[in-house]
Structure formats: C-alpha cells, structure tokens
Amino acid sequence: MHEFRADLHIHSILSPCGSLDMSPATIVALAKARNIDILGITDHNSTKQSGLIKKLAAKEGIFVLQGAEVTSKEEVHCLTFFEHQHTLDAFQEYLDQNIQKIDNNPDKFGYQVVIDEQEMIVEEIPWLLISGINKNLNELEEKVHELDGLFIPAHVNRQAFSMISQLGFIPPDIKADALEISKHMQLKDFLKQNPHLSHFRFIQSSDAHYPEDLGSVFTRFYLEKASFEEIRMAFKNTNGRRVEIG
C-alpha cells in the first residue's frame with residue numbers, strides 16, 4: 001500500500017465565505033507545495049468549480065474528489081462526493097431544485113463565481129449558496145447513496161452547523177461512510193467523549209477558505225492508488241486499504 005495525504009474539505013472562489021484568492025490554479029499550486037496528494041472540493045451547495053480543479057490537479061499528479069458541502073434542512077453540514085460526471089451532474093440538479101432561492105448580497109456574504117482556466121468569470125450564482133436545502137439529513141444521505149456517492153457529516157464536534165450542534169447528538173446508526181472531526185480536536189479525545197461512535201471511520205480536514213489554511217490538517221489514506229473506489233475501500237477497511245488521522 002502507498003500513503004496518500006488528503007485534505008477533503010476545501011472551498012474555492014465559488015463559496016461566498018471563501019477567499020477570492022482560492023482560484024483553481026492557486027488551490028492546485030498550494031496542494032502541490034504542501035504535499036497533498038488528494039483534494040476534496042466542497043464548495044457550499046455547489047459542485048460547479050470542481051471540474052476545472054480536477055483537470056488542473058491531474059496535470060500535477062493530484063487526485064480530486066468532486067462534490068459539495070451541503071447544508072441540510074436542519075442546517076447540518078455534510079461532505080458529499082461522486083465518482084462520475086453523470087452522477088455529479090444529477091446531484092447538482094438536485095441541489096439546484098432544493099436550495100432555498102434567497103438572493104445573494106455580495107457585499108454582505110461575498111461573491112459566488114465560477115471561473116475558467118484563464119480565470120475569467122463564466123457564471124455568477126444569484127442565490128445564496130450557504131442557505132440550507134429543503135431536504136433533511138436522512139433524505140440527503142439517501143440521495144447521495146442512491147447516486148453511489150460518499151456521505152460524510154462535516155466537523156461533527158463543532159459548535160455550529162454540525163450534527164451535535166443542530167441535533168444534540170450523532171445517531172450511531174446514521175449511514176455515513178465516515179465522520180469528519182474538526183482540526184481543533186484529537187480523535188482520541190473525541191472518542192473518549194463519544195465511545196459509541198468508535199465503529200466509524202474518521203477524517204480530519206482543513207476546511208480551508210483561505211490559502212494559508214489548505215493542507216494545515218490532513219488525513220492519511222493507505223491505498224494501491226489514488227482513486228474513488230480505493231478511497232471507498234479505505235472507509236470500509238477492506239483488502240488492506242485504511243484511513244488514519246492523528
């Protein structure tokens with residue numbers, strides 16, 4: 001097995017709360033400089049910038065998981081990833097159909113733009129991407145798995161927009177492929193507080209909105225190669241594939 005360093009929670013220029021410095025080219029350059037082998041692109045409720053990042057990253061030998069950080073009806077943040085373009089497109093359509101259409105105010109929340117390889121704006125999303133969608137946590141999970149994607153509740157220990165903050169607890173039977181804990185807590189301490197969750201796989205990510213944060217925290221994957229299916233196998237701890245943090 002080979003070791004791969006992964007940061008699976010990255011926001012680009014598309015996220016309203018993300019820095020306008022987080023262009024696709026900058027994200028890839030930072031990942032290369034900081035020895036990150038696998039990136040997860042997780043803009044708020046949109047997958048539309050991930051394709052260009054995947055294209056640019058492939059030239060540098062960096063593998064990209066395409067997806068989004070979705071806000072459920074309960075305002076729980078969840079990381080979602082998809083292997084194929086047709087399932088990614090289907091999920092984007094699902095997001096567009098279900099997000100609350102609240103007009104974005106760029107002066108208050110930030111710009112929401114998709115750019116091309118020449119860093120020209122090709123689209124500006126008019127509605128606020130940090131709004132919740134009209135689907136609850138279980139409905140979101142079912143849709144992600146219906147499309148054969150990966151479903152990872154984000155920063156579950158955080159005091160806002162997490163399962164603990166919004167629900168008061170983490171259901172031990174939730175059908176998650178993994179759980180993400182924030183970079184401010186060690187896994188051993190989290191499991192001391194939540195021993196009933198020890199059967200889950202865990203990741204830790206930077207949740208980077210600014211260039212200086214990318215790669216500040218990462219997860220180690222042990223895989224034959226960097227691919228969607230190998231990562232899925234690591235979450236299942238099968239055939240020698242595994243995932244480690246800390």
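Which residues have the most contacts inside the largest nonpolar core? In this predicted model, select Phe91, Leu140, Phe151, Leu179, Phe190 and Phe202, which hold that place in a core of 33 residues. Next, colour strand S3 (63-71), strand S4 (77-82), helix H3 (85-98), helix H5 (137-146) and strand S8 (179-181), since each of these elements supplies at least two residues of this core. Within that selection, H3 gives the most, with four residues.

Now centre the view on Leu179 and display its surroundings: leaving aside residues up to four places away in sequence, Leu179 touches Ile152, Pro153, Val156, Ile170, Leu197, Phe200, Arg201, Phe202 and Ile203. A second core, separate from the one already shown, has 20 residues, and to find it you can select Phe63, Ile152, Ala154 and Leu223, which are among its members.

Move on to helix H2, residues 50-58, and pick out its buried residues, which are Ser50, Leu52, Ile53, Leu56 and Ala57. Looking along the axis, you will find that they cover an arc of only 160 degrees, and therefore lie on the same side of H2. To see what covers these buried residues, add the elements around them, including helix H1 (24-33), strand S2 (38-41), S3, H3 and strand S5 (113-115).

The last stop is a cavity, and the structure holds one of 30 Å³ or more. The largest cavity has a volume of about 30 Å³, and to outline it, select Asn45, Ser46, Lys48, Gln92, Asp96, Ile125, Trp127 and Leu129, which line it. Coloured by class, this lining shows three nonpolar, three polar and two charged residues.

Notes:
Residues numbered from 1 in each chain as written. Predicted model: local features only at pLDDT ≥ 70, side-chain atom pairs only at ≥ 80, totals over all residues. Heavy atoms only, no water. Core = buried A, V, L, I, M, F, W, Y, C linked by side-chain atoms within 4.5 Å. Buried < 20%, exposed > 50% of the residue type's maximum accessible area, 1.4 Å probe, protein only. Contact = heavy atoms within 4.5 Å. Arc of directions from axis to C-beta. 1 Å grid on protein atoms, 1.4 Å probe; cavity = no way out; pocket = protein on both sides within 12 Å on 5 of 7 lines; lining within 4 Å. Points joined across faces, edges and corners; volume = space filled by probe spheres on them. Nonpolar A, V, L, I, M, F, W, Y, C, P; charged D, E, K, R; others polar.
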